[in-house]
Protein chains: 2
Amino acid sequence: MQIVEAAAKLFSEKGFDGTSIDDIAEACGVAPGLIYHYFDSKADILRALIEQKAFLPKMAEILKTPPKATVEETLTELAYAMWEMLEERREMALMMHGEMQRNPEVVKVIGRVIRTGIRLLSEYLNAQKSEGKLRDDLDPEIFVRTFWGAIFESFFAHHKLSPFVRRIPPKRLVQGLVRLLLYGAINPPNQSELKGESKR
Amino acid sequence: MQIVEAAAKLFSEKGFDGTSIDDIAEACGVAPGLIYHYFDSKADILRALIEQKAFLPKMAEILKTPPKATVEETLTELAYAMWEMLEERREMALMMHGEMQRNPEVVKVIGRVIRTGIRLLSEYLNAQKSEGKLRDDLDPEIFVRTFWGAIFESFFAHHKLSPFVRRIPPKRLVQGLVRLLLYGAINPPNQSELKGESKR
DNA sequence: ACTTATTGAGTGAGCGTTCAATCAACAAGG
DNA sequence: CCTTGTTGATTGAACGCTCACTCAATAAGT
């Protein structure tokens with residue numbers, strides 16, 4: 001449906017309220033009245049958009065993928081898959097990001113997606129904890145929210161804050177992020193190890 | 001200036017385009033025409049808002065604070081200060097977050113703030129690297145963007161996604177985040193250490 | 001012939017903004 | 001002390017424009 005595509009793009013650029021039916025019709029090369037042949041209202045377009053470009057099924061799919069041999073590999077793959085999903089639905093993601101401010105429906109949808117992401121990945125992390133691969137004192141929720149947070153932040157900065165904030169290529173982001181979250185920033189050798197222990 | 005306060009709140013709730021002059025006037029208990037006694041236009045209110053509630057000076061101030069004895073303490077303090085700054089300017093932060101979608105001026109301001117944050121904290125991290133306290137292979141930019149990203153994400157979720165996404169108390173967030181980023185999630189003991197080395 | 005797609009004019013509401021009129025406070029002059 | 005003048009604050013009606021939406025008429029497809 002061309003109308004929906006055009007709307008997604010315009011909503012992501014000008015916001016819902018800042019986009020008129022005329023804008024959308026013009027982008028599609030049709031008369032404004034035609035929009036109402038297919039949709040009941042402007043809000044209906046947004047609803048159709050949200051439904052058509054649902055994140056949840058794809059998110060669940062990504063997170064249901066059988067884990068790799070190591071936590072590092074698993075997270076690396078997840079991060080790439082997530083970035084890719086966001087890119088596929090770029091305009092949708094950007095639009096919803098902007099709209100969550102004023103639209104309770106959008107808030108609900110975003111909330112559900114994020115909560116699912118947190119839940120599923122936390123389960124995986126807890127399993128790894130049980131196997132002794134991760135720290136006992138690791139807070140899975142903090143980990144997950146930091147992980148997803150960094151990916152989203154980078155994605156949005158990539159598309160909305162450039163050229164004011166430098167773009168980090170996904171490859172560099174994913175590798176750097178996974179390493180940072182798994183191994184930390186502190187230098188492992190002698191004195192730092194001493195210090196680490198006194199903190200715990 | 002009461003008009004600006006009211007506008008900030010409304011912009012953060014309904015967006016710039018979704019907020020009318022009538023809305024603002026009503027919230028102030030004055031007639032719509034009075035707004036134009038003080039401001040040239042609706043956009044002028046936004047401009048005044050951005051100027052009045054500038055983040056940059058405060059951000060610079062926070063980041064110019066002399067570091068603490070350890071990286072952990074320094075980052076902990078920074079994170080709390082940042083959260084506090086966001087809370088003080090809650091409506092401003094939320095409004096700008098929503099507006100960056102459609103307003104180049106807002107993008108510019110946000111971009112500048114973030115870039116400054118990245119620059120200043122990266123400098124600190126690089127200094128710590130030189131002293132051997134942090135890993136040689138640490139990417140400061142990834143660290144910083146993950147750090148700030150997690151704080152912002154949590155802040156916005158706190159205010160916009162609740163009750164769909166659980167709120168993490170700032171104290172838990174800051175402690176969990178700093179620990180995660182410094183010490184990582186991987187269990188330090190024997191087998192995990194072996195695995196860690198084969199990866200590098 | 002019938003159905004679907006499409007148009008463009010029109011409608012009423014809402015919007016940002018203007019502005020003449022009014023009011024209140026204060027200062028200056030008689 | 002009273003009156004007049006000035007200034008800033010405030011109002012609500014009005015203006016021109018935009019907006020989402022409607023709909024009769026026409027075109028296109030089967």
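This text describes the interface between chain A and chain B and then a buried lysine found in each chain. The structure is a predicted model, and every value below is computed from its atoms.

The contact between the two chains involves 63 residues of chain B and 64 residues of chain A. About 6,100 Å² is buried between chain B and chain A, and carbon and sulfur atoms give 58% of that area. Within the part that chain B buries against chain A, B:Gln101, B:Arg145 and B:Phe164 supply 13%, more than any other three residues.

Charged and polar pairings also cross this interface. Eight salt bridges are counted between chain B and chain A. B:Arg166 takes part in a salt bridge with A:Glu141, where the closest N and O atoms are 2.5 Å apart. Polar contact links 33 residue pairs across the interface of chain B and chain A, counting pairs in which both residues have pLDDT 80 or more.

The side of chain B that touches chain A can be traced through its helices. The elements that each give two or more residues to this side are α1 (2–14), α7 (90–99), α8 (104–130), α9 (140–161), α10 (170–183) and α11 (190–198) of chain B. Of these, α9(B) gives the most, with 12 residues. Sorted by class, the side of chain B that touches chain A has 27 nonpolar, 17 polar and 19 charged residues.

Attention now turns to the lysine in helix α8. In chain A, helix α8 spans residues 104–130 and includes A:Lys129. A:Lys129 is buried but has no salt bridge. The nearest side chain of opposite charge belongs to A:Asp136 and is 6.3 Å away, whereas a salt bridge requires the nitrogen and the carboxyl oxygen to lie within 4 Å. The side chain of A:Lys129 does, however, reach the backbone oxygen of A:Asp136 at 3.3 Å. A polar atom of the same side chain, that of A:Lys129, lies 2.8 Å from the backbone oxygen of A:Leu138. With neighbours within four places in sequence left aside, A:Lys129 is in contact with A:Leu134, A:Arg135, A:Asp136, A:Leu138 and A:Pro140.

Chain B has a lysine to set beside this one. B:Lys129 lies in helix α8 of chain B. B:Lys129 is buried and has no salt bridge, and B:Asp136, the nearest side chain of opposite charge, is 6.3 Å away. Residues up to four places away in sequence not being counted, B:Lys129 touches B:Leu134, B:Arg135, B:Asp136, B:Leu138 and B:Pro140.

Notes
Residues are numbered from 1 along each chain as its sequence is written. Chains are lettered from A and ligands numbered from 1 in the order in which they are written. This is a predicted model: local features need pLDDT of at least 70, side-chain atom pairs count only at pLDDT 80 or more; totals for chains, interfaces and linings use all residues. Side-chain values use heavy atoms; hydrogens and water are left out. Contact means heavy atoms within 4.5 Å. Buried area is the accessible area (1.4 Å probe) that two parts lose on being put together, summed over both. A polar contact is a pair of N or O atoms within 3.5 Å; within protein, one must be able to donate a hydrogen and the other to accept it, and residues adjacent in sequence count only if both atoms are side-chain atoms. Helices (H or I, at least four residues) and strands (E, at least two) are DSSP runs, numbered from the N terminus. Ala, Val, Leu, Ile, Met, Phe, Trp, Tyr, Cys and Pro count as nonpolar, Asp, Glu, Lys and Arg as charged, and the others, Gly among them, as polar. Buried means under 20% relative accessible area, exposed over 50%, partly exposed in between (1.4 Å probe, protein chains only). Lys and Arg count as positive and Asp and Glu as negative; His and the chain ends are not counted.
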